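Subject: Structure for your files

Hello,

Here is the structure we spoke about, with notes on what was found in it. Please read the notes alongside the coordinates.

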Amino acid sequence: MKIVVLVKEVPDTYGDRKLSLETGLADRDASEIVIDEICERALELALAYADANQGTDVVVLSLAPDGATATIRKGLAMGAGSAIHICDEALRGADLGLTAETLAAAIRRAGFDLVVAGNASTDGSGGMMPAMVAELLDVPLVSGLSSVEINEGGVSGTRVVESGVQQVSASLPAVISITEALPGPRFPNFKGIMAAKKKPLETLNLADLGVTADDPDTARSIMLAVAEKPPRAAGVKIVDEGDAGEKLANFLIENRLA
Amino acid sequence: MTEFPQNAILVVVEARASGELEQAAAGLFGAAAGAGTPVALVLAAPGAGKAAAAEAASLGAVRVLIAETPDPAVLGVPGVDALASAAEQVQPDAILLSHSLDGRDLAGRYAARTRTAVCVDAVGVSRDEEGVVANHSVYGGAYNVTSTATFGPPVITIRQGAVEARAEAQPETSETLSVTPSGKPAARIDSFDEETAVATRPELRGAAKVVAGGRGLASKEQFALVEQLADTLGAAVGASRAAVDAGYIPHAHQVGQTGVSVSSQLYIALGISGAIQHRAGMQTAKTIVAVNKDADAPIFEIADFGVVGDVFKVVPQLISALEARKK
């Protein structure tokens, strides 16, 4: 079985994150860049399956700027067998459509039985990439899984939707996305880190993948304006003198919030 | 069949298994009415379309297209097929969907199939000289961004609970949409449990009021205080990552950058310090209330009403004061 795991670099949510007010793009120098945690969980799922099933090939796939090699190597150090890094100047500021097209082309080129992704990134919070990739690859999509069972021919799991809980399944090949209910990632050990240096890491550009960034027939999403919101000002702050509960009740009632 | 309005906004809404429209529907029609004429595509189980169409009209749909899925066990694909057919007929200026799991899947698959541009997780839509634009609040509410498509109708997903506007009810004008099935491979829904346990309490995502607890609650047992206040206010229950990691409450309740983002009318943070991670998920709430015994907690920097005090003293008093007013 060949499992491709989609891995995205994001600004660390534990620090302040900035958008460039000139370009509207993420200011990559303003924050620490890390693998999005949900992607690490996606990789953990693939690696756990590989641990239990010999002959499983886990490939880390990332579309990211030049400097992303360290992040991708972390995926290899965790235990992935190989990695693909799509890197092209023309992808700077790529919208979801171009990103999906590019990822799908790389996945098709690599070959796959299963594609595993996180349900939504912490930066764009679009949560649409798995669906777009599934559509372009022409395979079933099983999104938002909070538990996953992979076997030779299929994948199944639990999917929490607005009105209840579904048990869902699909035959392979398929694309799945997982939620944070899945186990957190393993830490790369020393052996893994050493081994990662020898594992294949392929770098591809758009020409390799036959993707045109500015295809005139494809609509793209563009940013028209970006503005920093003034920080929220603090309001009333009181120290409890035995009647704060009463005062808070009054505040809620006066503001029609209770 | 009569022509569709020139400035149609196609609103895609799904009927739940129970037959009612999804919770976000009212906000979607409200948003659409502010940017054009709302036309609905209602996705429903066999036999449920007519009732769902009536609800869509009552929420502001001027015209309703009904697509009853031939096989409710097929996940996602029938909805994409229906949307493709509806968009072709209506030729809308924009397509609006909820930024729910199903809404995102539908929007993503449709956009990929038709090479249409998507604008995700919008908190509102408006119109400029060129067409419909989406307004976003990104990086936890730190930036306002406006986006649109280079050409063609943008597919816009709207954050649940973000739009307050409501559209005027319309007389029902509905028709069945004829859909050409794509036959694309799809996953199957093998079984479904309607969650009745949470039915008495609103869902976190999209809730108008949220009461959230943090590590200050100190134990799983004492976290019940958060639930008590939530029930008094008819609010949803949220939690900080620290409370989730400590096992006070399941992860589904986590509010924050890596959990659920909420834009509620009221957000009450109990025993939550207000780390950036948490604030990112709630600082677009309209009114923020915080109770924390640490006067230096960062949550007070953004609270409209902050109480420096012991949650175990302040909150019970608050609950009894609110209950006394109700009588």
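A residue counts as buried when its relative accessible area is under 20%. By that criterion, 52% of the 258 residues of chain A are buried. Please keep in mind that this is a predicted model.

Chain A

Chain A has seven helices and 13 strands, and its C-alpha trace spans about 65 × 45 × 45 Å along the principal axes. Taking contacts in chain A between residues at least 6 apart in sequence, 71% join residues at least 24 apart.

One position looked at in detail is Val60(A), which sits in strand 4 (residues 57-63) of chain A. Val60(A) has 0% relative accessibility and therefore counts as buried. Setting aside residues up to four places away in sequence, Val60(A) touches Val5(A), Val7(A), Leu43(A), Ile72(A), Gly75(A), Ala80(A), Ser82(A), Ala83(A) and Ile84(A). With Ala83(A), the C-alpha to C-alpha distance is 4.5 Å, although 23 residues separate the two in sequence.

Two of those partners, Ile72(A) and Gly75(A), are also among the buried residues of helix 2 (residues 69-78) of chain A. The others buried in that helix are Thr71(A), Leu76(A), Ala77(A) and Met78(A). Just after helix 2 of chain A comes Gly79(A), with a positive phi of about 140°.

Chain B

In chain B, helix 1 (residues 25-33) is largely enclosed by the rest of the structure, because eight of its nine residues are buried. These are Ala25(B), Ala26(B), Gly27(B), Leu28(B), Phe29(B), Gly30(B), Ala31(B) and Ala32(B). The elements of chain B that they pack against are strand 1 (8-14), strand 2 (37-44), helix 2 (49-58), strand 5 (94-98), strand 6 (118-128) and strand 9 (155-158).

Strand 5 of chain B also holds Ser98(B). Ser98(B) counts as buried because its relative accessibility is 1%. Beyond its neighbours within four places in sequence, Ser98(B) is in contact with Glu22(B), Ala24(B), Leu28(B), Gly103(B), Arg104(B), Thr157(B), Ile158(B) and Gln160(B). Of these contacts, Leu28(B) is one of the buried residues of helix 1 of chain B.

Nonpolar cores

The largest nonpolar core has 59 residues, and those touching the most other members are Leu61(A), Ile107(A), Leu137(A), Leu10(B), Leu41(B) and Ile95(B). Another core, of 40 residues, lies apart from it and includes Leu45(A), Met78(A), Ala174(A) and Leu182(A). As for Leu41(B), the residues it touches, not counting those up to four places away in sequence, are Leu10(B), Val11(B), Val12(B), Val13(B), Leu65(B), Ala67(B), Ala82(B), Leu83(B), Ala86(B) and Leu177(B).

The interface

How many residues of each chain are in contact with the other? For chain B the number is 92, and for chain A it is 84. The area buried between the two chains is about 7600 Å², with carbon and sulfur atoms giving 56% of it.

Between chain B and chain A there are eight salt bridges. One of them joins the side chains of Lys184(B) and Glu135(A), at 3.7 Å from N to O. The count of residue pairs in polar contact between the chains is 38, with both residues at pLDDT 80 or more. On the side of chain B that touches chain A, helix 4 (residues 101-114) of chain B gives the largest share, 10 residues. That side is made up of 42 nonpolar, 27 polar and 23 charged residues.

Regards

Definitions and conventions. Residues numbered from 1 in each chain as written. Chains lettered and ligands numbered in written order. Predicted model: local features only at pLDDT ≥ 70, side-chain atom pairs only at ≥ 80, totals over all residues. Heavy atoms only, no water. Core = buried A, V, L, I, M, F, W, Y, C linked by side-chain atoms within 4.5 Å. Buried < 20%, exposed > 50% of the residue type's maximum accessible area, 1.4 Å probe, protein only. Contact = heavy atoms within 4.5 Å. Buried area = accessible area lost by both parts, 1.4 Å probe. Salt bridge = Lys/Arg side-chain N within 4 Å of Asp/Glu carboxyl O. Polar contact = N/O pair within 3.5 Å; in protein donor to acceptor, adjacent residues only side chain to side chain. Helix = DSSP H or I, 4+ residues; strand = E, 2+ residues; numbered from the N terminus. Nonpolar A, V, L, I, M, F, W, Y, C, P; charged D, E, K, R; others polar.
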